[in-house]
Amino acid sequence: FGFGNGNYAIRKVAEQLLFVIGHDYEIFKYGGDSFVVLSKKTYRKEDLHKFDASLVESALLSPRHFDIVINSVKWSLTASLGSAIFNPQGQSFESIINVIEQAVKRAKKSAPFGLCHISEDGFKEFDRYLDIKSKLEQAIESDELSIVLQPQVTHDGTVSSFEALVRWYSKELGPVSPGEFIPIAEESYAICEIGDIVLRKTLSVISNFVKSGLKTSIAINISARQIVVPDFINSLLSRVNQYGIPPHMLMLELTETALVVDIELVKETMLELARFGFRFSIDDFGTGYSSLAYLKVLPISELKIDKYFVDDIGKDFDGKAAQIVDAIIEMAKALNVTCIAEGVESEEQLKYLIGKGCEKFQGYYFSRPEPEAHWAGINENTKLP
Ligand code: C2E
Ligand code: CA
Ligand code: CA
C-alpha cells in the first residue's frame, strides 16, 4: 500500500500502545515495523515471577485494536511479542537487544499473535546460540559433520532402506544434536552447505553399498530453505551424476512445513525432480498444515507418521493418538503411497502398526542410527532386530 499507508498503520499502532500502556512503560520505535517497550519498574530477584507483560499483550494481541482503514477498506494487522527481564547493570544494550530479537523471532513462529518470554537463562541460551552459529561455519569447512544411517524395515524386519541423519562432533563444543544446530543453520545459507555435505556423504554410501551388491535407497532430509533455492534441481542432478547414482535411490524427505513455504514453487520443483526419478517422502506427517487437496497433486511416494503419534500408541487412554495413526495409514492408502512409521520403540507399537496396514518401520526397536561402517556386510536378507 506504499510508504504513506505503512507509516499511517505504524502510527496507529503506536497510538494504541501509548493509550493502553500508561506510565509504567516507555515506548521506542525500533526498526521498520517494531517497537521496543521498556518497563521502568524495578523487581527484586524474588519478585521476578510477578512480572507480566499482560498490558502490552492486551494492547498488541487483541485483534480488535488492529483494524485500520486504508482507502476506506478495513484491514487487520497482526503482531508478535517477545519479552525478557534483565538486569540493566549486567548487560550491554547490544546483548539485551539481541535477546529480545531472539524472543521476537521465536514469537513469530506462532504468528499471528505469537508470544515468547525469555527468562534470565535466555541470556545464557543466547550465548550458546551465538557459539553454535559461529562454530558451524568452521564445522562445515573443517569436515566436522558426518552422517549416520538408520534402517527402515518391512513387517518382518527386513532392511529395505535407510535414513541419513547428520551428526556434528565439534572440537570445541563436543557433540551438538541436529535438533539444536539445524534450526540455526536454517537461518542462513549454511543449511544449503550442510545439505550438500549430507548429500555427498549419502551418495558415497549408496555407491559403496552398490559395489558390495546391495541395492538400497537412502532418505535424506531436505529443509524448506533448500528446496526454494533456484539452483536446487541442478545441484542435485550434478551430484547424482558425479557419483553415478540413479535418482530413484534417493528419497527426499520434506516436512509438511517445507511444502507450504512457497507451495507453487515447491510443487514445480518436486514435479521436475520426480520426472528425473527422485522420490519424495512427507516427514512429520500430521504435525504441519499441508492441504489435503495439495497432497493429491504432489508426486509423493511415501507418508511418514511422526514419532509424536507413534509414541502414544498404547499410552493414551482415550485412544485418540491411535485413531490419528489409523487415519494417516488410511490416507496413505487413499493416496496410493507407502506408509512408514518413525520412532518405533516397542513390540506393542510395531504390532499395532502392522495390524493397521502400515508397511515400513523405523526406530530404536530395530536399530539406532549408526555410522556407515556398522552396516558393512548387510544384504537383502538381513533382518532386525
Ligand atoms: P527427523 O527427520 O524426524 O529424524 C528422526 C529423529 O528421530 C532422529 O533424530 C532420529 O535419531 C530419532 N529417532 C529415530 N528413531 C527413534 C526412536 O525410536 N526413538 C527416539 N526417541 N528417537 C528416534 P536426530 O538424528 O537427532 O534428528 C533430529 C532432526 O534433525 C531430524 O528429525 C531432522 O528434522 C533434523 N535433521 C537431521 N539430519 C538432518 C539433515 O541431514 N538435514 C536436515 N535438513 N535436517 C536434519
Ligand atoms: Ca526425517
Ligand atoms: Ca520426523
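K351 is exposed in this predicted model, with a relative accessible area of 56%. Its salt-bridge partner is E347, and the closest N and O atoms of the two are 3.1 Å apart. E347 is partly exposed, at a relative accessible area of 42%. Both residues belong to helix α14, where a spacing of four residues places them about one turn of the helix apart. Elsewhere, salt bridges with shared partners join E163, E253, K304 and E342 into one network.

In total, the structure holds 19 salt bridges. Three of the individual pairs are listed below.

| Salt bridge | Closest N and O atoms |
|---|---|
| E347 and K351 | 3.1 Å |
| E144 and K171 | 3.2 Å |
| K333 and E330 | 3.3 Å |

The pair of E144 and K171 links distant parts of the chain, 27 residues apart: E144 lies in the loop between α4 (121–141) and β7 (145–153), and K171 in the loop between β8 (159–170) and β9 (174–176). E144 is buried, with a relative accessible area of 11%, whereas K171 is exposed, at 67%.

K333 and E330 sit within helix α13 (residues 320–335), three residues apart, or about one turn of the helix. K333 is partly exposed, with a relative accessible area of 47%; E330 is partly exposed as well, at 45%.

Calcium sites

The calcium ion (ligand 3) has as protein donors D283 (OD), D284 (OD), D306 (OD), E342 (OE) and E342 (OE), at 2.0 to 3.2 Å from the ion. Along the chain, the donors of the calcium ion (ligand 3) follow the spacing D-D-x21-D-x35-E. The site of the calcium ion (ligand 3) is irregular, with angles of 48 to 150° among its six donor atoms. D283 lies in strand β12 (residues 279–285) and E342 in the loop between β14 (338–341) and α14 (347–356), so this pair ties together parts that are 59 residues apart in sequence. D283 counts as buried, at 7% relative accessibility, and E342 is buried too, with a relative accessible area of 13%.

The calcium ion (ligand 2) has the protein donors E163 (OE), N221 (OD1), E253 (OE) and D283 (OD), which lie 2.1 to 2.4 Å from it. Their spacing along the chain is E-x57-N-x31-E-x29-D. The calcium ion (ligand 2) lies 4.7 Å from the calcium ion (ligand 3), and D283 coordinates both. N221 lies in strand β10 (residues 217–222) and D283 in strand β12, so these two donors tie together parts that are 62 residues apart in sequence. N221 is partly exposed, with a relative accessible area of 31%.

Strand pairing and surface

Strand β5 (residues 81–84) has L81 and S83 pointing one way and G82 and A84 the other way, and all are buried. β5 pairs with strand β6 (residues 115–118) in the parallel sense, over four bridges. L115 is the bridge partner of L81 in β6.

On the surface, F1, V73 and W75 form a nonpolar patch with about 330 Å² of accessible area together. F1 lies in the segment before α1 (2–21). F1 is exposed, with a relative accessible area of 65%.

How values were computed. Residues numbered from 1 in each chain as written. Chains lettered and ligands numbered in written order. Predicted model: local features only at pLDDT ≥ 70, side-chain atom pairs only at ≥ 80, totals over all residues. Heavy atoms only, no water. Patch = residues over 30% accessible without salt bridge, like charges linked within 9 Å, V, L, I, M, F, W, Y side chains within 5 Å. Areas by Shrake-Rupley, 256 points an atom, 1.4 Å probe, with all protein chains shown as cover. Salt bridge = Lys/Arg side-chain N within 4 Å of Asp/Glu carboxyl O. Buried < 20%, exposed > 50% of the residue type's maximum accessible area, 1.4 Å probe, protein only. Donors = N, O, S within 2.8 Å, 3.2 Å for Na, K, Ca; no water. Tetrahedral: all angles 85-135°; square planar, octahedral: opposite > 155°, others 65-115°. Pairing = 2+ DSSP bridges.
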